[in-house]
Amino acid sequence: MCYTEFSTKYQIIIMSDQVKHECGIVLIRLLKPLDYYKQKYGTWRYGLNKLYLLMEKQHNRGQDGAGVVSLKIDQPSGKKYLFRERSNLNNPIQDVFARIFKHFEYDDDHNHAKFCDSEWAKENLPFAGELYLGHLRYGTFGKDSLDYVHPVMRENNWRSRNLVLAGNFNLTNTDEIYDALVDLGQHPKDFSDTVSILENVGHFLDEENQLLFRQFKNEGFMNREISSFIERELDVRKILERSSKRWDGGYVIGGIFGHGDAFVARDPNGIRPASYYYDDEIVVVASERPVIQTALNVRLSDVKELKPGHALIIKKDGRISEELVNVPQERKSCSFERIYFSRGSDKDIYMERKELGRLLAPKVLEMVDYNLKDTVFSFIPNTAETAFYGMIEGVRSYLVNWRLEQVRAMGNNVDTKKLEEILTLEPRVEKIAIKDVKMRTFITADNSRDEMVAHVYDVTYGIVKNNVDTLIIIDDSIVRGTTLKKSILKILDRLHPKKIIVVSSAPQIRYPDCYGIDMAKMGDFCAFTAAIELLKERGNEALIDEVYQKCKSQRNLPKEEMVNYVKDIYRPFTDDQISAKIAQMLKPKDIDADVDIVFQTVDNLHVACPKDNGDWYFTGNYPTPGGTKVVNTAFINYIEGRNERAYLQSV
């Protein structure tokens, strides 16, 4: 992605456009008594240790906060059975687990024999349980408050009415859900999708409890007996089906009921990801497939994808089922997540990113007029490395055909020197930029900070021929372009290339996200800004006002009837025209090299990621009606100069 600065009092780091995005979850259910894990794996903390590993392996999905809830199943009355630790400090995962293990220190030192006894540990130590729910958070709204860190809890004296939730989600219609809760007579404590979902699920959990209570009461059972019957008969699928009926957005939500039932539910379009694995010892659900493979040392084929519109339900007695809770819609899993956010160690994601790079090779070769002698290939940042490998493979495929043609053209008159040149020609692959991650500064003023950031990357001097070579740099995506202009292009210009071509393995990002990735303002997108500038240059500003009026005219329509009129802003231009304008806008005035920018095409994106067609960032084709509502609101905000999101962000 294009590059932005993150600075603290002590440090400046340069990185990809720091687009904050969807969170990560982990749910673990141990299916055996704790003593089983003590005997087989040497510790009753087996589940807790796996939770830590799974969360650490997903740290890329959230660094603003982390939280863990543990449940002890069938803990005696009078004994606490739900435990929670959360942190919004730096390194929140380490902080959470340091606090958890702090509970163990005294007994481990002074009562070691008891501490090692799994039955004693379960009865006496926090977080010695069978169910764990972990969460990693990226957020911007309310990010400084611990109250906004998941898991969140709705507590009650009846175990089966206790609810714990943690999710990777964003809803576009929080206002509708909030109003529905108010109509039910509730008084929600906050206007956010987290609170709305918690109270929404909680309401139907209460209703199901009450329905079962009346049923068993009418059959003549005593209250104490009824509690255990409710825990056994609670219909988790029905609760999720009823509560999620109104949800418009992308979500994977994990939950625990206080008596021991647990679930993870996924949205009907499969926008957000979830995978699971289970055997006779353990059930694990996580946002990333490879972390399950790593943590449990299992094969790829053993890890299943949670199907869109379904929930994995684990009952207190250990029964496991994947059940339909919402009618699946057209699969629109997020392709931008595949390009950038997900862990590249997943087999499919790795191959998709390579293919994205390979598909760019023909366009890149065309732009350098197939002159590989005077072209240097590299990548920034490190996350673009896989796409870089694919692009080089594409260049080498071209070279195979080119060599054959050259040799055939020589016929029987073989010139040994020329033949050697033909056979040895390879793309010039170099490590151009090296991040000096240890560079620190106390300078925080913006005018000084930009200069400091310009030195965070060291460049490799002497490998680019001055004013002769073209420098090709591949990136995963270009969102805003601010630091590309302020820093990266200036850094690369120190090598004195004739031309710099920045290649994005993602298409032009033109539209806001509303399903969990923090890209909600139209003015943040360099592609949108370029289109607006082109309209102004061509004297077609009337179209901007026309789109604005169309968007405003449908503000009071139901979201299901809205149309994405913002598409009209881009309609007069080709992709290449917008790319050229972006390059012109982002080129610093004080560099000598020419600058071009190449974007992936949407068609090639679908070739590379055939199962993940959620492309609304690039096409404006939103999978839910709420997305269309958001894009229209975002455009109105842009025209009216309101620097705010077009939806209520998840907290």
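**Notes on salt bridges, a pocket and a surface patch**

1. Glu640 counts as partly exposed, because its relative accessibility is 31%. Keep in mind throughout that this is a predicted model. The partner to look at is Arg642: its side chain meets that of Glu640 in a salt bridge, with 2.3 Å from N to O. Arg642 is also in the partly exposed class, since its relative accessibility comes to 31%.

2. Which residues are joined into one network by salt bridges that share partners? They are Arg266, Glu305, Arg331, Arg338, Glu352 and Asp612. For the wider setting, the search over the whole structure turns up 51 salt bridges. As a reminder, side chains of opposite charge can pair when their charged atoms come close.

3. Now for a pair within a helix. Arg99 and Asp95 form a salt bridge whose closest N and O atoms are 2.9 Å apart. Why is about one helical turn the separation here? The two residues sit 4 apart in helix H3, which covers residues 92-110, so about one turn lies between them. Is Asp95 buried or exposed? Asp95 is buried, because its relative accessible area is 19% and the buried class takes in anything under 20%. Arg99, by contrast, is partly exposed, with a relative accessible area of 31%.

4. Lys499 and Asp596 make another bridge worth pulling up on screen, their side chains meeting at 3.2 Å, N to O. This pair ties together distant parts of the chain: Lys499 belongs to strand E21 (residues 499-504) and Asp596 to strand E22 (residues 594-599), with their positions 97 residues apart in sequence. Lys499 is partly exposed because its relative accessible area is 22%. Asp596 is partly exposed too, with a relative accessible area of 25%.

5. On to the second largest pocket, which has a volume of about 480 Å³. Its lining has 26 residues, and those closest to the pocket centre are Arg289, Glu305, Arg331, Arg338 and Asp348. Glu305, Arg331 and Arg338 have already come up as members of the salt-bridge network. How many residues of each class make up the lining? There are 14 charged, 8 nonpolar and 4 polar ones.

6. Where do the lining residues of that pocket come from? Helix H10 (289-296), strand E13 (304-305), helix H11 (335-341) and H12 each contribute at least two residues. The largest share, 3 residues, comes from H12.

7. H12 also carries Tyr350, as this helix runs over residues 347-367. Tyr350 is part of a nonpolar surface patch with Met351 and Tyr389, and together they have about 280 Å² of accessible area. Tyr350 itself is partly exposed, given its relative accessibility of 31%. That value fits its place in the patch, because patch residues need over 30% relative accessible area.

8. Last, a look at Met153, a residue of strand E7 (residues 152-154). Met153 counts as buried because its relative accessibility is 17%, against a cut-off of under 20% for that class. How far apart in space are Met153 and Glu199, which are 46 residues apart in sequence? Their C-alpha atoms are 9.9 Å apart.

Methods:
Residues numbered from 1 in each chain as written. Predicted model: local features only at pLDDT ≥ 70, side-chain atom pairs only at ≥ 80, totals over all residues. Heavy atoms only, no water. Patch = residues over 30% accessible without salt bridge, like charges linked within 9 Å, V, L, I, M, F, W, Y side chains within 5 Å. Areas by Shrake-Rupley, 256 points an atom, 1.4 Å probe, with all protein chains shown as cover. Salt bridge = Lys/Arg side-chain N within 4 Å of Asp/Glu carboxyl O. Buried < 20%, exposed > 50% of the residue type's maximum accessible area, 1.4 Å probe, protein only. 1 Å grid on protein atoms, 1.4 Å probe; cavity = no way out; pocket = protein on both sides within 12 Å on 5 of 7 lines; lining within 4 Å. Points joined across faces, edges and corners; volume = space filled by probe spheres on them. Nonpolar A, V, L, I, M, F, W, Y, C, P; charged D, E, K, R; others polar.
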